[in-house]
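Trainee: I'm new to this one and a bit lost. Could you pick out a single part, the sheet work, and take me through it closely, then show me what sits around it?

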Amino acid sequence: MAGQQPSDALAHGVHWPTDAAFRVRQLTKVYRSGEVEVQALRGIELDLQQGEFVVLLGPSGSGKSTLLNILGGLDIPSSGEVWYRDHQLHGADERELTRFRREHVGFVFQFYNLIPSLTALENVALVTEIATDPMPPHEALERVGLEARMDHFPSQLSGGEQQRVAIARAIAKRPDVLLCDEPTGALDAVTGVRVLAALESANRELGTTTLVITHNADIARLAHRVLHLGAGRIMREVVNEARVHALELTW
Ligand code: ADP
């Protein structure tokens, strides 16, 4: 596979990024239900660098979740190539994708999906028990500022705190990649900022390559790079010369 890289890079006329975590070429996704076809992605070209914090913006239906799900091995492309390092995700079967997700990816979604009958600590421990090189569950909760709430059940926590437990759960297995689909979508601004700060510190301190989908253009100011999706294509890409820290955001 390594042997294909230079010719692939040459074929696309690009400089080969030595530390690209993801490499996406001519990615398309078509959903078919009966007679109806939806072209969700229409030829995405993208490299995500190791340790990058990237925000994905775009109107509803522009293909953001589809792209995130394919990068995370939750969905498969209709055509094109998706590589995570030397893992070929296009054409991978369910078993290979499950393994890829387990070994490399943490997910954070809009709704926290915590188990109500388990404490915060137990919710995180559930994941660390099956990971290869996890951090202790209490360390993951400390990293998101919840050291005082470890023994609380989800119903005793605010929405923002529950989302931070979900982030602790995602980072506890030390994933290489953190994929977040509208992580602050259900939160008010103040709570949302603390959730973003938790993502930001995971990216900075653990070097986790992070992709965040949001509707909030302000959140884009945290990113190294902002991708604007429209109708299944990357319409615009902006590199932030100066990043803003989450706790400096004023909404
Ligand atoms: P976004 O995240 O930007 O809102 P999505 O990636 O969710 O966009 O959706 C892109 C397009 O694909 C939309 O038109 C959506 O309706 C369609 N779509 C997404 N998932 C499915 C699916 N499982 N079956 C059929 N159509 C889908």
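Mentor: Start with strand β9, residues 225-230, which is joined to β10 by six bridges, the two running antiparallel. Strands here are DSSP runs of E with at least two residues, helices are runs of H or I with at least four, and both are numbered from the N terminus. Two strands count as paired if DSSP finds at least two bridges between them. You can pin one bridge down by eye: L227 has E237 in β10 as its partner.

Before we go on, this is a predicted model, so local features need pLDDT of at least 70 and side-chain atom pairs 80 or more, while totals for chains, interfaces and linings use all residues. Residues are numbered from 1 along each chain as its sequence is written, and side-chain values use heavy atoms, with hydrogens and water left out.

Now zoom out from that pair. It belongs to an open six-stranded sheet with mixed pairing, in the order β6-β7-β8-β3-β9-β10. The edges are β6 (105-108) and β10 (233-239), each of which pairs on one side only. On average, neighbouring strands of this sheet are turned by 20 degrees against each other, direction ignored. Axes are lines fitted to C-alpha atoms (for helices, over the stretch in contact), and angles run from 0 to 180 degrees between N-to-C directions.

Helices lie against this sheet too. Across β6 and β7 (177-181) you'll find helix α6, residues 159-171, running at about 170 degrees to β6. Helix α7 (189-206) packs on the sheet as well, touching β3 (53-57), β7 and β8 (209-213), and its direction makes about 140 degrees with that of β3. Contact here means heavy atoms within 4.5 Å.

There's another open sheet to find, with four strands in antiparallel pairing, ordered β2-β1-β4-β5. Its edge strands are β2 and β5 (87-88), each paired on one side only. Inside it, β1 (20-33) and β4 (79-84) pair over five bridges, and one to look for links F22 to Y84 in β4.

Last stop, the ligand. Among the residues around it (a heavy atom within 4 Å) are Y31, V38, P59 and T66. By class, its shell has four nonpolar, six polar and one charged residues, and α2 gives the largest share, three residues. Look for polar contacts, pairs of N or O atoms within 3.5 Å. Ligand oxygen atoms sit 2.7 Å from a polar backbone atom of G61, 3.0 Å from a backbone N or O atom of G63 and 2.8 Å from a side-chain N or O atom of K64. Elements giving two or more residues to the shell are β2 (36-49) and α2 (64-71).

Definitions and conventions
Polar contact = N/O pair within 3.5 Å; in protein donor to acceptor, adjacent residues only side chain to side chain. Nonpolar A, V, L, I, M, F, W, Y, C, P; charged D, E, K, R; others polar.
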